[in-house]
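Subject: Structure handover

Hi,

Here is the structure I promised to pass on. Please open it first, then read my notes below.

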Amino acid sequence: MTTKLLLTFAICRLIVTVGLTVDPSELLLIGADGQLSVDQFDVETASLDFGLLTRAEPMAVLHPCSADDIARLVRAAYVSSHGFTVSARGHGHSINGQAQTSNGVVIEMSGGSRGSRLGLRQLDKPQVSIKEKHVDVWGGELWIDVLRSTLEHGLAPKSWTDYLYLSVGGTLSNGGISGQAFNHGPQISNVYELDVVTGKGELSTCSGEKNSELFHAVLGGLGQFGIITRARIALEPAPQRVRWIRVLYSNFSTFTGDQEYLISLHGNPYSQKFDYVEGFVIVDEGLINNWRSSFFSPRNPVKISSIAANGGVLYCLEITKNYDDATADTIDQAIYFMGPPLEDGIMSTSETPTMPFDEQIELKHD
């Protein structure tokens with residue numbers, strides 16, 4: 001009864017503030033345990049995204065407490081005689097308004113802290129299966145929180161994105177690419193099962209064997225085939241330590257040649273390949289600041305800047321090799337034999353455990 005009163009109040013505010021054209025009784029069909037909010041802060045937050053290129057103000061924002069809340073909302077939109085749009089928003093890192101909607105409702109998938117302040121029931125935390133080496137996670141869970149949960153059991157997801165403050169559903173709707181993709185494929189290649197709310201408001205479980213057409217449509221489907229409410233992610237043993245290497249180049253051909261060589265090792269035995277390979281460009285503005293402090297000694301600004309004389313552009317390879325205490329004495333030798341002929345680069349290495357970082361830094365010419 002309390003929920004219906006709050007929802008009725010919210011709908012009345014919608015009619016007054018935004019001229020709601022949807023039949024209020026249709027929104028009452030939602031019957032959500034979460035909160036349908038018209039709070040100005042919620043609406044303003046959902047109106048923008050990381051790109052700041054577009055702005056679309058929704059009628060309301062749903063803070064769900066379960067997949068059923070989302071299914072009820074989508075079902076209400078589907079059967080509505082007037083029609084209204086629904087969009088799922090993770091951590092707001094889309095750049096062209098993909099998670100926005102006007103004359104509709106935005107679902108805040110990653111709004112856990114906001115929901116906590118509203119007194120809403122918290123969504124299930126990641127559920128790790130040590131035996132099966134997988135984790136079941138809410139679609140709005142951030143990857144950083146997935147990692148924290150799995151590391152408690154000595155496990156970690158196989159494939160990542162470079163930035164961990166992204167939502168699971170968001171990256172699985174796009175692909176999920178990082179420097180591990182050459183070994184394990186993108187994130188969408190490391191999913192066993194999904195729970196999805198379809199466009200009709202039906203909650204379906206799908207996998208490669210069950211409802212496979214929906215499964216493969218949703219993964220990388222840009223949110224056009226359903227809203228991911230749960231994902232079962234493949235895990236592997238987390239490394240005890242990681243050797244983190246960065247190499248700076250001024251010559252693009254040498255840079256890409258070395259990168260192709262390192263990626264070509266993916267078919268080799270584990271001891272003869274790297275775990276992460278990625279390249280990126282550093283422009284002249286803020287060269288030193290872009291060379292992270294953990295890899296830069298104040299003694300070397302001239303050395304680093306000197307190889308960027310050609311147009312002020314540098315190219316950087318970022319490489320990692322996982323190892324443990326038993327192979328710590330041989331890791332340098334293993335990297336030496338795998339590494340390419342680094343013709344004109346500055347190479348730095350950082351020797352770190354998985355968490356927290358405990359860096360030992362060396363900077364040298366190669």
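Let me start with a question: which residue caps the N-terminal end of α3? The answer is D39. A side-chain oxygen of D39 lies 2.9 Å from the backbone nitrogen of F41. Bear in mind throughout that this is a predicted model.

**Helix α3**

Staying with this helix, α3 spans residues 40-47. Its buried residues are D42, V43, A46 and S47. They sit on the same side of α3, because they cover an arc of only 135° around the axis. Q40 and F41 are exposed on the other side of α3. The general background is simple: an α-helix has 3.6 residues a turn, so residues three or four places apart point the same way.

**Overall picture**

The protein has 366 residues, and 49% of them count as buried. It contains 13 helices and 15 strands. Take the contacts between residues at least 6 apart in sequence: 68% of these join residues at least 24 apart. The exposed area is about 18,100 Å². Carbon and sulfur atoms supply 53% of that area.

**Salt bridges**

How many salt bridges does the structure hold? There are 11. Three of them are described here.

One is R89 with E108, where the closest N and O atoms are 3.3 Å apart. This pair links distant parts of the chain. R89 is in strand β3 (residues 85-89) and E108 is in strand β4 (residues 104-108), 19 residues apart. R89 and E108 are both buried.

Next, D195 and R230. Their closest N and O atoms are 2.8 Å apart in a salt bridge. D195 belongs to strand β8 (residues 191-197) and R230 to strand β10 (residues 227-237), so the pair ties together parts that are 35 residues apart in sequence. Are these two buried or exposed? Both D195 and R230 are buried.

D195 and R230 also belong to a network of salt bridges. The other members are D136, E193 and R232.

Then R246 and E318. Their side chains meet in a salt bridge at 3.2 Å, N to O. R246 lies in strand β11 (residues 241-249) and E318 in strand β13 (residues 314-323), so this pair ties together parts that are 72 residues apart in sequence. R246 is buried, as is E318.

**Aromatic pairs**

The structure holds 6 aromatic pairs. One of them is Y163 with Y165, and this pair is tilted. The ring centres are 5.8 Å apart, with 45° between the planes. Y163 counts as partly exposed, at 43% relative accessibility. Y165 is partly exposed as well, with a relative accessible area of 34%.

Why is the pair of F252 and Y315 edge-to-face? The planes of F252 and Y315 stand at 65°, and planes over 60 degrees apart count as edge-to-face. The ring centres of F252 and Y315 are 5.3 Å apart. F252 lies in helix α10 (residues 252-264) and Y315 in strand β13, so the pair ties together parts that are 63 residues apart in sequence.

The two residues of that pair are covered differently: Y315 is buried, with a relative accessible area of 16%, whereas F252 counts as partly exposed at 47% relative accessibility. F252 and Y315 also belong to a cluster linked by ring pairs, which includes Y249 and F255.

Strand β13 therefore turns up in two of these links: it holds E318, the salt-bridge partner of R246, and Y315, the ring partner of F252.

**Two backbone points**

Two leucines deserve a look. L52 has a phi near 55°, a positive value in a residue other than glycine. L52 is found in the loop between α3 and β2 (60-63). L52 counts as exposed, because its relative accessible area is 61% and the cut-off for exposed is over 50%.

Where is L222 placed? L222 is in the loop between α9 (212-218) and β10. Its phi is near 60°, again a positive value in a residue other than glycine. L222 counts as exposed, at 55% relative accessibility.

Best wishes

Note on methods
Residues are numbered from 1 along each chain as its sequence is written. This is a predicted model: local features need pLDDT of at least 70, side-chain atom pairs count only at pLDDT 80 or more; totals for chains, interfaces and linings use all residues. Side-chain values use heavy atoms; hydrogens and water are left out. Helices (H or I, at least four residues) and strands (E, at least two) are DSSP runs, numbered from the N terminus. Buried means under 20% relative accessible area, exposed over 50%, partly exposed in between (1.4 Å probe, protein chains only). Contact means heavy atoms within 4.5 Å. Accessible areas come from the Shrake-Rupley method with a 1.4 Å probe; for residues, only the protein chains shown count as cover. The arc is that of the directions from the helix axis to the C-beta atoms. A polar contact is a pair of N or O atoms within 3.5 Å; within protein, one must be able to donate a hydrogen and the other to accept it, and residues adjacent in sequence count only if both atoms are side-chain atoms. A salt bridge is a side-chain nitrogen of Lys or Arg within 4 Å of a carboxyl oxygen of Asp or Glu. Rings of Phe, Tyr and Trp (its six-membered ring) pair if their centres lie within 6.5 Å; planes under 30 degrees apart count as stacked, over 60 as edge-to-face and the rest as tilted.
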